[in-house]
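Here are a few exercises to help you find your way around a new structure. Grab a pencil, look at the picture, and try each task before you read its solution.

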Amino acid sequence: MRFILMSNILIVFAYNIDINHPILYPNSATNADEYLHTRFERSYFGFSVLLHHDSQKNSSWLFIGAPRGNYTRSSRDRISLKFLNEPGVVYRCGLPGPCTEIEPAVIKNEEIYIRQLKTRGLIRKKQSWFGGAMSIERDSGFLTICAPRTVMNIILRNTWNSKYVETMQGMCYSDHILSTKLYAEMFEIEHYDYSRDIWFDPIHGFSVAFASSRDEEVITRIVGRPNEDVTGSINIARFKRRNFVQFPYTETVAISINDDLSQFGYAITSGYYFNRNRSLYVCTDPGWDYVGQVAIINPDKNVMVARLSGTDIGEFFGASLATGDLNKDGLHDLVIGAPHWGTDNGRVHVYLGSPKEEFETVAILEGAIEDALFGYAVASGDLDGDGFSDIIVGAPWEESGVIYIYNGDASLKDKVRPLVSQRIAMQSHGHNVLMNIRTFGFSISEPIDIDNNGYADIAIGAYKSGHVVVLRSKPVVKTNLTIYTIPIILQRNISDFLITICVDYHGYDMANTRAFKISLIVDKKYKRTKKTLLELLSREPPVHMCMNTSVTLLDNIQDFIEPIAIYATHDFIYNDSSTSEFCKICPIESKNGKNTQTLLLPFDIGCGEDRVCNSNISAIVQFQGVRQVTENNSWVIGSDDITLEIHLENRAEPAYLTSIVFIFPEGIILRSILPFCEEDTDGDNLIVICNIGNPFGMNEQKIVKLDLDMKHLTDSSLHGHILEFSMEIRTRSVNHGMHIIKAWLTLYSEVSLSLNGKTFEESYYLPNLDKDQLNITFQHNYQILKFGATSIDEARLIVNVPAATEDAGSLVFLYKPRVGIFYIQYNV
């Protein structure tokens with residue numbers, strides 16, 4: 001088979017719909033060269049799509065409707081078909097294989113005699129839209145293709161005049177799927193009820209579906225006539241399963257509608273919604289009352305037993321339909337599209353069947369993009385093999401077309417809104433040819449397994465560009481990983497340990513033949529092993545489903561409290577994105593599987609089975625080199641350095657990664673740092689962190705002494721100031737003892753001064769002499785002595801000297817004082 005690979009396939013989440021190897025039609029047909037001059041985009045190629053698989057012949061086919069197509073013929077046949085413009089063509093394409101045109105047994109216009117009217121009619125095949133709707137009865141291979149725009153011309157005669165009538169009657173054609181020529185069902189035209197006032201333009205064949213049935217002899221088919229008698233109807237026909245012979249009667253079912261906008265029969269499906277033994281028909285009427293409705297018909301009585309309706313004007317509720325068992329309860333459920341909701345965003349309504357004879361609304365899926373027409377096409381089938389039908393929604397005008405996959409689940413019963421498991425959009429380039437795919441998602445086939453891998457595949461139509469894309473499903477496996485270690489508990493002096501990972505698969509028997517890898521992340525957070533990332537690869541096919549590896553620990557591990565976390569992830573090695581062939585037996589991991597596993601490998605910390613170390617740490621703080629004044633410690637400003645000493649004791653289970661944090665007041669620094677301590681700062685405050693033990697054992701004691709450098713505290717104005725020393729005990733264990741310890745130190749100023757004076761002459765006499773004889777010099781010496789450790793920032797000496805008398809002028813003239821400072825230390 002020739003594949004056209006898509007190079008730009010955009011996805012939100014990748015799941016089991018393979019997007020690396022799509023099959024593009026018509027390009028992938030083995031006889032594509034025969035259609036080089038066919039304008040598929042003009043023919044609406046992909047307007048309708050079907051997949052079918054014949055398990056007995058092990059053959060699969062893709063049916064593609066091109067309702068505006070023309071036949072490919074030799075030059076001689078072209079002349080005879082000159083006036084047969086765009087009758088519509090259906091292509092049956094082998095998977096793999098050539099594409100063959102299916103056409104009516106008589107492709108030219110046909111005459112028919114209508115007994116009711118006693119006149120002849122002409123069935124015109126021009127622009128009849130052959131392939132506008134089609135359906136296959138899966139068990140028998142009975143194929144029906146409808147041409148809903150088939151026009152019949154007749155002349156009605158009465159006593160007074162004749163009247164020419166042109167009616168869009170519509171017509172369907174049927175036979176086995178391997179037939180290239182289908183026979184027209186003239187019976188429906190011959191026995192149509194022409195007696196009504198408004199009988200023309202029923203558009204028979206606008207929709208078609210085979211009813212769900214367990215009857216081994218009879219095939220039941222439903223055909224929509226959305227314009228019959230203005231409001232629409234459905235036609236029910238029955239055929240013999242053995243030879244497809246139609247029974248000589250049909251039934252027309254309509255519901256009481258008084259609304260000219262109605263289009264009952266627009267879309268059709270069937271299923272066992274309320275009872276596992278009773279099939280019901282579901283027919284839509286999206287024009288009803290401007291919002292749309294869906295009628296559930298009991299075929300035994302041809303009466304409506306339930307009805308669902310839209311809520312928003314113009315949403316076109318019922319434009320598309322799909323049936324599937326979404327919650328795996330044995331009853332069918334219903335998916336209804338309303339593509340014109342909002343600003344043509346579109347939405348999809350999800351209903352669960354119920355034994356209560358009514359549908360339960362469980363979810364509404366809304367399109368997020370304006371004008372995308374989300375819900376224009378819907379389909380349902382089990383894509384991932386979990387037993388739950390999944391929902392496929394087309395949004396053909398979002399970008400160049402998008403489909404969304406929602407996986408069914410039992411949680412729908414609890415009205416849990418399903419999430420998108422995969423979003424697929426296509427803007428692609430083929431081999432040397434630009435592929436401009438447009439309206440991808442306009443039509444969606446019922447999911448069918450076409451490659452015998454046990455998983456359903458889908459075909460997506462893009463009529464605007466004339467393409468159909470077949471997307472295949474990959475097997476889904478639930479993987480269970482089991483992790484073991486030897487030993488199961490690590491001793492604190494151990495150097496390595498062994499990891500064993502075992503793989504167990506569920507859901508796909510071929511999974512254990514595929515090579516896989518185990519990715520290990522070991523102790524990524526704490527990095528106590530020499531390697532944190534390991535990868536183990538199996539053989540293909542795997543000989544053993546368990547794999548081993550040894551892990552080496554680092555030396556000098558400090559953290560024994562936290563276990564070593566081991567994360568294991570399983571992945572299949574096969575990477576089909578780099579190959580040209582689709583691997584239908586290469587599985588992927590289920591989104592509900594356990595392809596990841598975590599194991600916590602603990603250390604033996606000696607704290608019992610609960611592995612919680614309950615310690616009880618107490619502390620006593622003392623200052624050395626200070627004075628004890630009542631209950632307070634005091635220190636004289638300017639005196640010698642002091643020592644802070646703390647006594648620690650653990651009276652319970654071991655305490656791991658235990659430390660004591662000192663926060664010193666501003667101005668305090670260390671004379672030296674202990675080897676098990678380290679310094680830090682917090683603003684102007686010194687912080688010292690000292691490791692106490694790992695572990696700090698039961699009944700163990702520890703003394704920490706810190707020599708404090710007090711030389712920066714010299715300001716005597718700090719007298720009376722109280723310094724706060726804060727200590728915090730930290731441990732990774734549970735400490736039931738002390739946590740915060742505080743100690744205070746009061747600062748005192750201790751200083752005194754003494755003053756001594758001396759003169760060389762005790763007295764001087766001033767006789768009544770001449771002024772020249774008054775030049776007398778005398779000297780005074782003053783001595784100031786300081787006692788105590790506290791410094792004095794400033795001292796002032798004031799000496800009062802008599803300089804004059806009342807009777808005389810100035811007597812004394814002062815020389816510049818001379819000052820000398822001498823330091824003598826006294827021990828106090």
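Let's warm up with one residue: Gln-597 is partly exposed, with 28% relative accessible area; here buried means under 20%, exposed over 50%, and partly exposed in between (1.4 Å probe, protein chains only). Before going on, note that this is a predicted model, where local features need pLDDT of at least 70 and side-chain atom pairs count only at pLDDT 80 or more, while totals for chains, interfaces and linings use all residues. Residues are numbered from 1 along each chain as its sequence is written, and side-chain values use heavy atoms, with hydrogens and water left out.

**Exercise 1.** Find the strand that holds Gln-597, then list the residues it is in contact with, leaving aside neighbours within four places in sequence.

*Solution.*
- Step 1: Gln-597 sits in strand S43, residues 596-601. Strands (E, at least two residues) and helices (H or I, at least four) are DSSP runs, numbered from the N terminus.
- Step 2: Skipping those neighbours, Gln-597 is in contact with Leu-481, Ile-483, Ile-566, Tyr-567 and Ala-568. Contact means heavy atoms within 4.5 Å.
- Step 3: Take Leu-481 from that list: its backbone oxygen is 3.0 Å from a polar atom of the Gln-597 side chain.
- Step 4: For Asp-451, the C-alpha to C-alpha distance to Gln-597 is 33 Å, with the two positions 146 residues apart in sequence.

**Exercise 2.** Which parts does the salt bridge between Lys-181 and Glu-103 tie together, and is each residue buried or exposed, or partly so?

*Solution.*
- Step 1: A salt bridge is a side-chain nitrogen of Lys or Arg within 4 Å of a carboxyl oxygen of Asp or Glu. Lys-181 and Glu-103 qualify at 2.8 Å, N to O.
- Step 2: Lys-181 belongs to strand S14 (residues 181-184) and Glu-103 to strand S6 (residues 99-104), so the pair ties together parts 78 residues apart in sequence.
- Step 3: Lys-181 is partly exposed at 37%, whereas Glu-103 is buried at 5%.

**Exercise 3.** Do the same for Asp-312 and Arg-347, which also meet in a salt bridge.

*Solution.*
- Step 1: The N to O distance is 3.8 Å.
- Step 2: Asp-312 lies in the loop between strand S22 (303-309) and strand S23 (320-324), and Arg-347 in strand S25 (residues 347-352), so parts 35 residues apart in sequence are tied together.
- Step 3: Asp-312 is partly exposed at 32%, and Arg-347 is buried at 7%.
- Step 4: Now zoom out: the structure holds 32 salt bridges. Some form a network that links Glu-188, Asp-193, Arg-196, Arg-225 and Glu-228.

**Exercise 4.** Describe where domain 3 and domain 4 meet.

*Solution.*
- Step 1: The domains are domain 1 (17-473), domain 2 (476-601), domain 3 (614-748) and domain 4 (753-813); these bounds come from an automatic or database domain assignment.
- Step 2: Eight residues from domain 3 and four from domain 4 take part in the contact.
- Step 3: Together they bury about 380 Å², 44% of it on carbon and sulfur atoms. Buried area is the accessible area (1.4 Å probe) that two parts lose on being put together, summed over both.
- Step 4: On the domain 3 side, Ile-637, Thr-714 and Ser-716 lose the most area, together 59% of what that side buries.
- Step 5: Count the salt bridges between the two domains, and you get zero.

Definitions and conventions. Polar contact = N/O pair within 3.5 Å; in protein donor to acceptor, adjacent residues only side chain to side chain.
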